[in-house]
Amino acid sequence: MNRAQLHRLVRIVAELRANRYPNARTLAESLEVTTRTVHRDLDVLRDDWHAPLEFDRRRNGYYLTDPSWEPPVKAGLSRLGAGEALALAFGLQALEAVRAHGLEEAFQALLARLPELLPEQVTVDLSSLAHRVSFFFEPTRGDPEAVGERLAALREAIEGCRVVRLRYYTASRDEETTRLVEPYHLRYYDGAWYMAGYCRWRKDVRTFAVDRIRDIQVLDETFPPPGPDRFSPEVYFGEAWRLQRGAERQKVVVRFRPPQARYVRGRTWHPSQESQEEPDGSLVLTFRVLGTDEIMRWLLQFGAGAEVLEPASLRQAMAAEAEAIARLYQTAGG
């Protein structure tokens with residue numbers, strides 16, 4: 001058995017012990033292997049590791065009939081290679097930089113234990129890493145202690161597929177509402193934590209800012225784990241510009257003039273992006289997104305260096321905003 005298969009088996013066991021009811025297809029997608037490889041791994045679990053593995057047809061996934069079963073993990077799995085240790089150290093530094101609330105002490109403990117996880121002939125100088133590589137992210141929004149408590153409750157609810165009752169403040173409407181939500185996923189973006197989940201009031205998947213949750217209760221009620229057809233983070237967030245999803249998919253075409261094009265060129269800003277070079281050095285980018293509010297805010301930072309060509313509604317909104325800014329400064333200067 002090679003190291004890659006050992007790591008796959010450990011990840012499969014983690015999915016089973018978390019009661020996520022994975023099947024061959026979902027495991028193949030998460031492990032980035034074929035379903036044939038997954039079936040071979042499942043055979044090893046059953047035949048060599050004697051896992052009490054069964055398939056639940058109702059939930060369309062595998063589960064352990066004995067939740068207390070422990071895998072006979074070989075000692076070699078507890079040792080990391082030098083590259084793996086560096087990747088782990090850098091990842092922990094990045095997570096510490098975004099303030100992964102409630103896990104700071106665990107991160108520090110893991111960093112302290114890192115030398116124990118290395119073979120004797122491999123060393124990693126943790127003290128020198130900060131001098132060679134550092135990370136900066138936008139300061140986290142919200143009260144750190146309150147956000148940490150909300151995140152801990154949401155992690156518990158997501159892990160156990162438990163419904164939560166939220167008292168939530170909606171900034172755009174300046175109002176508080178109480179909702180029952182099936183939490184699916186946590187996402188950190190631009191200095192804030194967000195939770196995506198099925199809102200029973202709106203009868204749709206919605207995104208909630210964790211710092212705007214005024215109160216949270218994790219209920220005993222459970223819900224079926226969401227399959228890829230119900231919720232996929234890649235699809236859900238990939239259809240929006242960043243986080244906010246509109247009702248209608250729109251084609252957005254923007255021309256960046258040469259000075260700004262030099263900075264925009266060479267970076268993929270959205271999965272749907274298409275680019276076209278112009279003879280004068282301009283760059284035309286095309287996107288297909290659900291909603292244009294977020295992309296409008298992004299475009300405003302480029303000032304006159306970015307011109308919206310499509311759709312007409314966004315072009316008019318940009319023009320109105322530009323006129324409002326001009327009036328503001330004319331008044332201030334007068």
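A salt bridge is a side-chain nitrogen of Lys or Arg within 4 Å of a carboxyl oxygen of Asp or Glu. The legends below describe close-up views of a predicted model.

**Figure 1. A network of salt bridges joins Glu182, Arg200, Glu221 and Arg230.** These four residues are linked to one another through salt bridges. Across the whole structure, a search finds 22 salt bridges. Side chains of opposite charge can pair when their charged atoms come close.

**Figure 2. Arginine 25 and glutamate 29 form a salt bridge within helix α2.** The closest N and O atoms of arginine 25 and glutamate 29 are 3.5 Å apart. Both residues belong to helix α2, which covers residues 24-31. They are four residues apart, about one turn of the helix. An α-helix has 3.6 residues a turn, so residues three or four places apart point the same way. Arginine 25 is partly exposed, its relative accessible area being 42%. Glutamate 29 is also partly exposed, at 48% relative accessibility.

**Figure 3. Arginine 150 and glutamate 149 meet in a salt bridge.** The distance from N to O between the two side chains is 3.8 Å. Arginine 150 has a relative accessibility of 15%, and the cut-off for a buried residue is under 20%, so arginine 150 counts as buried. Glutamate 149, with a relative accessible area of 46%, is partly exposed.

**Figure 4. A salt bridge connects glutamate 277 with arginine 265.** Here the closest N and O atoms lie 2.8 Å apart. The pair links distant parts of the chain, with the two positions 12 residues apart in numbering terms: glutamate 277 is in strand β9 (residues 274-277), and arginine 265 is in the loop between α9 (258-264) and β9. Glutamate 277 is partly exposed at 46% relative accessibility. Arginine 265 is partly exposed as well, at 33%.

**Figure 5. Helix α3 has its buried residues along one face.** The buried residues of α3 are Thr37, Val38, Asp41, Leu42, Val44 and Leu45. Seen down the helix axis, the buried residues fall within an arc of 155°, so they line one face of α3. The face turned away from this buried side carries the exposed residues Arg36 and Asp47. Helix α3 comprises 13 residues, 35-47, and at 1.5 Å a residue it should span 18 Å. Its end C-alpha atoms are 18 Å apart, which agrees with that expected span.

**Figure 6. The peptide bond from glutamate 310 to proline 311 is cis.** The omega angle of this bond is near -5°. Proline 311 is located in the loop between β11 (306-310) and α11 (312-333).

**Figure 7. Tyrosine 21 has a positive phi value.** Phi of this residue is near 50°, and the residue is one other than glycine. Tyrosine 21 sits in the loop between α1 (3-17) and α2. With a relative accessible area of 19%, tyrosine 21 is buried.

**Figure 8. Aspartate 174 has a positive phi value.** In this residue, again one other than glycine, phi is near 55°. The loop between β3 (162-170) and β4 (175-189) contains aspartate 174. At 56% relative accessibility, aspartate 174 counts as exposed.

Conventions
Residues are numbered from 1 along each chain as its sequence is written. This is a predicted model: local features need pLDDT of at least 70, side-chain atom pairs count only at pLDDT 80 or more; totals for chains, interfaces and linings use all residues. Side-chain values use heavy atoms; hydrogens and water are left out. The expected span of a helix is 1.5 Å times one less than its number of residues. Buried means under 20% relative accessible area, exposed over 50%, partly exposed in between (1.4 Å probe, protein chains only). The arc is that of the directions from the helix axis to the C-beta atoms.
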